[in-house]
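Open the model in your viewer and keep the sequence panel visible. The stops below are given in the order in which to select them.

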Amino acid sequence: MDIKLDPSRDDLPLMANTSHILVKHYVLDLHVDFESQVIEGTIVLFFEDGNQFKKGNSSTQEACQLESNESCKFRMPESCHIPVTNARTFSSKMEYNDFAISSKGEKDTSDKDGNHDNLEQASGISSSKYCCDTGNHGSEDFLLVLDCCDLSVLKVEEVDVAAVPGIEQFTRSPKLTVASEELRNQIVHELVTLPADRWREQLDYYARCSRAPGCGELFFDTDTWSLQIRKTGAQTATDFPHAIRIWYKTKPEGQSVTWTSDQCGRPCVYTMGSPINNRALFPCQEPPVAMSTWQATVRAAASFVVLMSGENSAKPTQLQEGYTSWHYYVTMPMPASTFTIAVGCWTEMRPETCSSNDLAAERPLPPSEADFRYIGICGHMEYPCRFQNDSATAQEIIPHRVFAPMCLESACQETLLRLIPPCLSAAHSVLGTHPFSRLDILIVPANFPSLGMARPSKEKTGFVSDSGASVIKHGLNPEKPFMQVHYLKGYFLLRFLATKLGDETYFSFLRKFVHVFHGQLILSQDFLQMLLENIPEEKRLDLSVENIFQDWLESSGIPKPLQSERQAGAEGGLARQVSAEVTKWVRMNQRPRKRKRREKKEVFEKLLPDQLVLLLEHLLEQKTLYPRTLQSLQRTYHLHDQDAEVRHRWCELIVKHKYTAAYRSVERFLQEDQAMGVYLYGELMVSEDARQQQLARRCFELAKGQMDRSSAKVVAEMLF
């Protein structure tokens, strides 16, 4: 069932059959190897089925309909055969199971197509082939489909959760007698539906179950976008094993993580918001409806720090042979795309001094009446919710850690660390309770693709099949992350609504909205509908969900309300100040090179960063700016020390006017601000200036090895 797509241009398929069966929890046990640029280990998935599907209505039939009745080829279960050399085993009291790791050295490039015919040939067992109709088995088997890409799947097996000591409490039977499929699935059902106040016990038993022995290998196959698993005789999701273990390893070319170097030149790897999300990191269910929890143990060399989007502040556990392990977990169900990991030689940056005010701010405050204005029953699935905890609702500043390469310590101490507490406090003031109990902040390398992520959403998928499979339109287009119109329109829509309603009404609504919908999947319609329902009639004016969608979301170009606001903004005080400064610069540029002695020298005002951006944008409209003017601009505003937005506009001026004395600033921008630099490459090439084109190609040659794949592909198409 291999879908033939151009992997760089076409729509992104979501293959998981989430309408039939849902992952409720993942347990990952992984090892990170920087020499081979491979992450490998096991993942145990715990399922809950819809309990509504008849035996004759299997996902296998639907999958074959999508593939024009092509036959599905499956790997025959075989003895545990993991092709590794120089294997070493790690273990600790926190580990879920021991597993072999591949040998160090060359990057692992085996098994490029995701198949494993080599394993079958080595074992002497041929593939089992059966059609998606009755085939060789007389009846159809249920087919579990997981989203998966660029993974080498080595083995899939059912987990014998009934073998876990003490598991009897999760069975309705007073005594374990025969460990049947029905009994094992009953145990998993009781485990995944434990009440939220037993979350610690639940995580403990998830870990115990993940270490349980296998009780039978399962047929599996992979294609470009999915992993398909079946068990002979299991004809519905209810019959299918509800706990399975997958042995797998990533590939160096997998697009869910980036193997790169940090700002100090040390190796690191991290998830970076890939268009394919995490399916090249672990087999999963991608559609957002598949909300799940997870826990993970990750091993790496002792010199590395492992950070993850977990709820706990993990500390390393020392293992043998110079390795450490890190354990994280999440109790709030979220889409698999929110799972993040970063491994590198990071250093935790701590404030040199900590005032008593800071300490007081981080302690839980007595709950005020306002904090409980919207108290009620939460609308999300059950989990240990901070919105129901008195201390959590009053906590303005949650515990947080900052990690960065050691070479950035002074910058963190001087700028970043002191900004985080007031930012957290402001977020609490505007939005209310922090949804998470803690926060880790990592300073990522310059090649982090920060301009947008193609996360799946209900509104952006195409036709959804009965199994839950769907497609993200244009999800694989490498140019998509650089198309910022939707983000900009969204920002200005929120600005427009705040202006229309007034800050007090608008921010009061935001706080209520977060409280009502926390922990749930939401749509734009949910937000707008609740907004209009919760504001007084006299403040609604002509607003309706329909006309907001028409003006802001469904129409191209600048929305009419924004055009009016833009005109009004041009008359504001800050904008008028910029206009006055533009006039001075234009006047200075028009003067002859040698000034008369009595001629008054221009005095320029100090401008805010946003004003500088506006100033440079106005100056970009000038046909000619002389080198002396550009030199004076640089000296007056210290443009090389400004933020990336200002420096980007400055580089545009340099390129437009071929200001060769400042080409080093362009080179620096293309190296240090790679995500934003994509636009500059285009401007350098469009100029048709040989020196500028040479500059673009030289910078790309230096940076392409560190750039994310989408950015590198887009730039290469511009240059060659």
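A residue is called buried when its relative accessible area is under 20%, exposed when it is over 50%, and partly exposed in between, using a 1.4 Å probe and protein chains only. By that rule, 50% of the 720 residues of the protein chain count as buried.

This is a predicted model, in which local features need pLDDT of at least 70 and side-chain atom pairs count only at pLDDT 80 or more, while totals for chains, interfaces and linings use all residues. Residues are numbered from 1 along each chain as its sequence is written, and side-chain values use heavy atoms, with hydrogens and water left out.

**Whole chain**

Colour by secondary structure. The protein chain has 21 helices and 22 strands; these are DSSP runs numbered from the N terminus, helices being H or I of at least four residues and strands E of at least two. A contact means heavy atoms within 4.5 Å. Among contacts between residues at least 6 apart in sequence, 75% join residues at least 24 apart.

**Stop 1: strand β6**

Select residues 143-147, which are strand β6. All five of its five residues are buried, so the strand is largely enclosed by the rest of the structure. Show the side chains: Leu143, Val145 and Asp147 point one way, Leu144 and Leu146 the other way. In a regular strand the side chains alternate between the two faces of the sheet.

Now add residues 226-230, strand β10, which runs antiparallel to β6 and is joined to it by five bridges. Two strands pair if DSSP finds at least two bridges between them. Within this pair, Leu144 stands opposite Ile229 of β10.

**Stop 2: a three-stranded sheet and its helix**

Select β19, β20 and β21, which form an open sheet in that order, with mixed pairing. The edge strands are β19 (347-348) and β21 (439-442), each pairing on one side only. Strand β20 (residues 400-404) runs antiparallel to β19, and two bridges join them. Glu348 has Phe403 as its bridge partner in β20.

Add residues 409-431: this is helix α7, which packs on the sheet, touches β20 and β21, and has a direction at about 150 degrees to that of β20. Axes here are lines fitted to C-alpha atoms, for helices over the stretch in contact, and angles run from 0 to 180 degrees between N-to-C directions.

**Stop 3: the cysteines**

How many disulfides does the structure hold? There is one, where a disulfide is a pair of cysteine sulfur atoms within 2.5 Å. Select Cys264 and Cys407, whose sulfur atoms are 2.2 Å apart. The torsion about their S-S bond is about -120 degrees, so the disulfide is left-handed. The pair links distant parts of the chain, 143 residues apart: Cys264 is in the loop between β12 (257-261) and β13 (267-271), and Cys407 is in the loop between β20 and α7. Cys264 is partly exposed at 36% relative accessible area, and Cys407 is partly exposed at 43%.

Next, select Cys284. Why is Cys284 not bonded to Cys148? The Cys284 sulfur is 8.3 Å from that of Cys148, the closest cysteine sulfur, which is too far for a bond. Cys284 is buried, with a relative accessible area of 0%. Cys345 is in no disulfide either, the nearest cysteine sulfur being that of Cys268, 8.4 Å away. Cys345 is also buried, at 12%.

**Stop 4: helices α15 and α17**

Select residues 609-620 (α15) and 644-656 (α17), which pack at an angle of about 15 degrees with their axes 9 Å apart. The two are therefore roughly parallel, a label for angles under 35 degrees, whereas over 145 is roughly antiparallel, 65 to 115 roughly perpendicular and the rest oblique.

To see the contact, show side chains including Leu612, Leu616 and Leu620 of α15 and Val646, Trp650 and Leu653 of α17.

**Stop 5: helix α20**

Finish with Phe700, in helix α20 (residues 690-703). Is Phe700 buried or exposed? At 5% relative accessibility, Phe700 is buried. Leaving out residues up to four places away in sequence, Phe700 touches Tyr681, Met707, Ala712, Val715, Ala716, Leu719 and Phe720. Its C-alpha atom is 9.8 Å from that of Gln674, 26 residues apart along the chain.

Gln693 is also in α20 and counts as buried, at 19% relative accessibility. With the same sequence neighbours left out, Gln693 touches Leu684, Met685 and Glu688.
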